[in-house]
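Please look over the sequence and the structure below before reading on, and keep both in view while the explanation moves from one part to the next.

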Amino acid sequence: MSQPTTSVVIAGAGPVGCLMALYLAQRDIDVLLLEKEAQLPVDLRASTFHPPSLEMIAELGFGVIEAMLAKGLVADRYQYRDRRSGEVASFDMSLIADSTRFPFRLQLEQYEFTRLVVDRLAQLPSASVRFGCEVTGFEQDDDHVAVQLDTAAGGETVWADFLVSTEGARSRIRKLANIDYLGFTYNEKFLVVSTDFPFEDVFEDLAWVNYVSDPEEWCVILRTEKLWRVLFPTTPETAEDEARLLSDAFIQERLHHLWDKEGDYHIGHRTLYNVNQRVAETYFKGRVLLAGDACHINNPLGGMGMNGGLHDGNNLAAKLVRIIRDGAPHLAEFEHYNRQRRDLAVRFVQEHTIANKKLMEARDMATQQARQQMLMETAADPVKAKAFLLERAMINCVRDSEALA
Ligand SMILES: Cc1cc2nc3c(=O)[nH]c(=O)nc-3n(C[C@H](O)[C@H](O)[C@H](O)COP(=O)(O)OP(=O)(O)OC[C@H]3O[C@@H](n4cnc5c(N)ncnc54)[C@H](O)[C@@H]3O)c2cc1C
């Protein structure tokens with residue numbers, strides 16, 4: 001193979017690829033970040049940054065965290081609301097102030113983070129970012145990876161020491177590497193809509209993040225820095241009827257069920273998406289690695305998808321620095337990455353998110369009451385509430401994964 005063009009090629013400028021690129025470039029490691037779209041995607045997706053992610057972003061420097069804090073909304077408490085009984089279990093995140101510099105969830109659209117990072121990368125000589133550049137294949141030997149690209153000017157090959165796929169759940173590199181994506185897809189879809197309606201004026205003492213149980217239909221009500229966003233489940237029977245689920249009539253009915261205001265809601269965005277629980281059978285093959293949704297995906301209850309991906313990216317970037325700068329053996333480092341991050345995805349994230357979904361959707365009254373009772377008791381007891389928050393804020397899981405030899 002030819003001489004490497006760059007040390008690390010990262011395929012996909014989502015939050016995970018962006019974090020990795022900045023981490024490496026900041027340490028003077030040559031990195032090429034490739035994005036198939038002509039510009040950064042602006043999707044209605046992750047909007048919650050948990051404390052460990054904020055700490056990792058703060059470590060990146062370049063004023064990224066300061067800009068995020070200035071733009072985002074600080075959610076220093078969140079609530080589990082039972083609409084039947086009117087009970088509210090409110091979790092105060094200041095209870096974990098001795099465990100993190102950021103005892104809150106930051107509500108900010110993920111594309112605001114990627115924009116900030118790409119701006120910074122433009123100032124760093126060791127980073128290159130190319131848009132409209134899709135990775136279509138690769139070949140690797142013991143020393144290098146040849147990465148094939150499709151660009152507006154035609155096909156091209158670049159050589160790298162390592163190739164990282166942060167291409168999201170449909171990762172082409174994962175498929176080409178014959179790595180299975182084990183797990184399942186739920187039969188039903190989730191509907192997310194945004195609106196400028198001020199829910200805080202009609203629901204008393206509403207937090208910025210609320211999980212709402214209801215005998216007929218549960219939902220999640222989140223405030224982003226821009227709008228309120230409501231996530232509704234839909235039924236497996238209607239999953240194929242996308243036109244109906246995305247219609248004004250259906251969405252207005254769902255929103256009026258939540259709060260029966262006069263007249264129509266103004267609807268900002270609407271997205272219908274599949275819900276998966278999957279983990280790749282391995283996070284690397286030779287010199288080719290996976291991070292973020294490319295290697296794990298879960299339902300969004302608890303906001304662990306992007307956050308878990310950022311934690312992968314931070315862990316893997318640190319290992320790449322040890323390999324490239326300090327000469328650490330790559331296979332041992334990658335096996336360590338696999339043990340730390342894959343085991344955790346299976347044990348922690350998958351378990352928690354599957355359990356969160358089961359609890360939210362339970363329809364029988366006894367289960368709903370027991371769930372709300374457990375949450376009320378936990379929120380009212382500072383010791384239990386702190387333990388609950390350390391778990392849900394992903395602080396425990398990052399500590400556990402870092403401690404794994
Ligand atoms: C409605 C919704 C709400 C969510 N809410 C949350 C939340 O609150 N908290 C949370 O933690 N997670 C949440 N998630 C999950 C979160 O959005 C994802 O986990 C996150 O986007 C994964 O980031 P990523 O960088 O791995 O991949 P992506 O964000 O999917 O980025 C992949 C990038 O790679 C590019 N690409 C793909 N293939 C190629 C290729 N071959 N060559 C070059 N470029 C390529 C794509 O265009 C894209 O820009 C939510 C998801 C949804 C759908």
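The paragraphs that follow go through the strands, then the helices, and finally the surroundings of the ligand. Please keep in mind throughout that this is a predicted model.

A good place to begin is the open sheet, which is formed by 8 strands in the order 6-5-13-14-15-12-16-19, with mixed pairing. At its edges lie strand 6 (88-92) and strand 19 (296-297), each of which pairs on one side only. Strands of a sheet pair through backbone hydrogen bonds, and they may do so either parallel or antiparallel. One parallel case in this sheet is the pair made by strand 5 (residues 77-82) and strand 13 (residues 209-213), which are joined by 4 bridges. If you look for Tyr 80, you will find it opposite Tyr 211 in strand 13. Packed on the sheet is helix 10 (residues 330-361), which touches strand 13, strand 15 (228-233), strand 16 and strand 19, and whose direction makes about 130 degrees with that of strand 16.

We can now turn to strands that pair in the antiparallel sense. Strand 9 pairs with strand 10 (residues 145-151) in this way over 7 bridges, and the two form a hairpin with 4 residues between them. Within this pair, Val 135 stands opposite Leu 149 in strand 10. Strand 10 is also joined to strand 11 (residues 154-165), again by 7 bridges and again with the strands running antiparallel, and here the hairpin has 2 residues between its strands. Val 147 has Val 158 of strand 11 as its bridge partner.

Next come the helices, and helix 4 is a useful one to follow. Helix 3 (residues 64-71) packs with helix 4 (residues 110-121) at an angle of about 145 degrees, their axes being 10 Å apart, and helix 3 passes helix 4 in a right-handed crossing. On the side of helix 3 the contact involves Val 64, Ala 67, Met 68 and Lys 71, which meet Glu 112, Phe 113, Leu 116, Val 117 and Arg 120 in helix 4. Sorted by class, the residues of this contact are 6 nonpolar and 3 charged, with no polar ones.

Helix 4 also packs with helix 1, here at an angle of about 30 degrees and with the axes 9 Å apart. Because of that angle, helix 1 counts as roughly parallel to helix 4. The crossing in which helix 1 passes helix 4 is left-handed. Among the residues making this contact are Pro 15, Leu 19 and Leu 22 of helix 1, together with Phe 113, Val 117 and Arg 120 of helix 4. By class, the contact of helix 1 with helix 4 has 10 nonpolar, 2 polar and 1 charged residues.

Which residues come nearest to the ligand? Of the 37 residues around it, these are Gly 12, Gly 14, Gly 168, Gly 292 and Gly 305. The shell around the ligand draws at least two residues from each of helix 1 (15-26), strand 2 (31-35), strand 9 (133-140), strand 16 (267-280) and helix 9 (305-326). Helix 9 gives the largest share, with 4 residues. Taken by class, the residues of the shell divide into 15 nonpolar, 14 polar and 8 charged. Elements from the earlier paragraphs thus return here, including helix 1, strand 9 and strand 16.

Key
Residues are numbered from 1 along each chain as its sequence is written. This is a predicted model: local features need pLDDT of at least 70, side-chain atom pairs count only at pLDDT 80 or more; totals for chains, interfaces and linings use all residues. A residue is near a molecule or strand if its C-beta atom, placed from the backbone, lies within 6 Å of it. Ala, Val, Leu, Ile, Met, Phe, Trp, Tyr, Cys and Pro count as nonpolar, Asp, Glu, Lys and Arg as charged, and the others, Gly among them, as polar. Two strands pair if DSSP finds at least two bridges between them. Two residues are in contact if their C-beta atoms, placed from the backbone, lie within 7 Å. Axes are lines fitted to C-alpha atoms, for helices over the stretch in contact, and angles run from 0 to 180 degrees between N-to-C directions. A crossing is left-handed if the near helix is turned anticlockwise from the far one by less than a right angle, and right-handed if clockwise. Angles under 35 degrees count as roughly parallel, over 145 as roughly antiparallel, 65 to 115 as roughly perpendicular and the rest as oblique.
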